[in-house]
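Colleague: I am new to this structure and would like a close look at a single part of it. Could you take me through the surroundings of the ligand, and then the helix that belongs to them?

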Amino acid sequence: MSRQILLGVTGSIAAYRACDVARELMHRGYTVRVVMTHSATRLIAPATFEALTGHPVVADVFDEPERGQIAHIRLAQDSDLVLIAPATAHTIARLALGLADDMLTTICLATRAPILIAPAMNPAMWTHPATQSHVRTLQERGVQFIDPTYGIMACGDEGWGKIADTPTIVEAVIARLSQSESLKGVRVLITAGPTYEPIDPVRFIGNRSSGKMGYAVAEAARQRGAEVTLISGPTALPDPFGVQVIRVQTAQQMYEAVLEHFESCAIFIATAAVADYRPEVALPRKRKRGSRAWTLRLVPNPDILGAVAQRKGNRLVVGFAAETDKVLEHAREKLQRKNLDLLAVNDVLEPGSGFEVDTNRLTLLYADGRVEALPQMSKRACADALMEQVAAMYQAASKAV
Ligand SMILES: Cc1cc2nc3c(=O)[nH]c(=O)nc-3n(C[C@H](O)[C@H](O)[C@H](O)COP(=O)(O)O)c2cc1C
């Protein structure tokens, strides 16, 4: 069966360009279903797209072309990718806010397919801080933008805001669809978050990890078609969609859960900030305040990556390291000592590159000695860049077998 693209057309002067995009996608063998906003229907007639695609066009959330089927859910679930081209400033803002006030935005909330957006608008609208902030919000959620180009607009203004050309849009769709297959059915095991090592029933030794990086990696792996198991320490984050989540508290519990699931995985990615030490004794009752000094004796926790390295086989093992000094030196040493294929290291003392924040700056070190410094990006973008490399390494290794 051919793959289905849901093409969203919004109220931009460039709405007519969606006809070309629809035709090109159909030439490539995709089924195209068009959803228009009400503004778009004032600029171009739905009948044009119906004739081009051979399918009814829907605009209103109460439009239900097939009896007995809730159209927005059907379209959300049956589509392999959602492309909005052109996308107005208004629709980008609605998506960033999670509104569901027409058929297109409702589908975008209900779908788990990748979303690509090709904006088209006046340069002042595109560069407006409100629009740019909405774009960043959506990018952090994994939405991909096909950047507008520089040129003279229909209104006569010159600047950034012209919709990308049709071949660029079509290539972006094809690339994204092939990306969503790059780890299809591959079992990926990921650890995330901190661990809590109990001192007594109310106190623990923990660390500042929020889990955001690991959860983003889990989402990026799932979006590439992987079957993802996420072993998570305590976090405030919701379970990522479509991911099996196992919640643990301590390093010992994480160790046991990893060993239980490691056998069946092909790729293991350790992003968790596992406590190296735990109190030797966890007191059964809360320790009361006293006036004397109190010494806690700490004992080492099991080394998860170390244990995994011994059972590695032909699995791909990826580690993370948070360093504060001699970053590359320590990272290289960890890569070798733990027999890793890839290590992502960040300097937690650098602003915007540590715990709890939404951004990170990773440097990737490979077992063959290559080093790749990524720019500071949202954790979601870092996760995508990392998974791109991991998928390429996995495919290269599978071909070599
Ligand atoms: C002729 C015309 C052209 C327009 N072109 C654009 C455009 O290119 N980009 C944009 O963001 N808004 C454009 N607008 C404004 C939008 O149509 C308006 O913001 C509308 O509310 C968008 O609704 P929608 O996002 O639901 O389609 C245009 C309006 C008119 C009347």
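Modeller: What follows begins at the ligand, goes on along one helix, and ends with a pair of helices elsewhere in the chain.

This is a predicted model, in which local features need pLDDT of at least 70 and side-chain atom pairs count only at pLDDT 80 or more, while totals for chains, interfaces and linings use all residues. Residues are numbered from 1 along each chain as its sequence is written.

Around the ligand there are 15 residues, and the closest of them are Gly11, Ser12, Thr37, Ser39 and Thr88; a residue counts as near if its C-beta atom, placed from the backbone, lies within 6 Å of the molecule. By class, this shell holds seven nonpolar and eight polar residues, with no charged ones, where Ala, Val, Leu, Ile, Met, Phe, Trp, Tyr, Cys and Pro count as nonpolar, Asp, Glu, Lys and Arg as charged, and the others, Gly among them, as polar. Two elements give two or more residues to the shell, namely α2 (38–43) and α5 (89–97), and it is α5 that gives the most, with three residues. Such helices (H or I, at least four residues) and strands (E, at least two) are DSSP runs, numbered from the N terminus.

Within α5 itself, Ala89, Thr91, Ile92, Arg94, Leu95 and Ala96 are buried, a word used when 20 or more other C-beta atoms lie within 10 Å of a residue's own, against 12 or fewer for exposed and partly exposed in between. These buried residues of α5 pack against β3 (81–87), α6 (103–110), β4 (115–119), α7 (123–127) and α8 (129–140), contact being taken as C-beta atoms, placed from the backbone, within 7 Å. Just after α5, Gly98 takes a positive phi of about 75 degrees.

For the pair of helices, the axes of α1 (residues 17–27) and α3 (residues 46–53) come within 10 Å and cross at roughly 10 degrees, the axes being lines fitted to C-alpha atoms over the stretch in contact, with angles from 0 to 180 degrees between N-to-C directions. The two helices are therefore roughly parallel to each other, as angles under 35 degrees count as roughly parallel, over 145 as roughly antiparallel, 65 to 115 as roughly perpendicular and the rest as oblique. Their contact is made by Cys19, Ala22, Arg23 and Met26 of α1 together with Thr48, Phe49, Leu52 and Thr53 of α3, and its residues divide into five nonpolar, two polar and one charged.

How values were computed:
Two residues are in contact if their C-beta atoms, placed from the backbone, lie within 7 Å.
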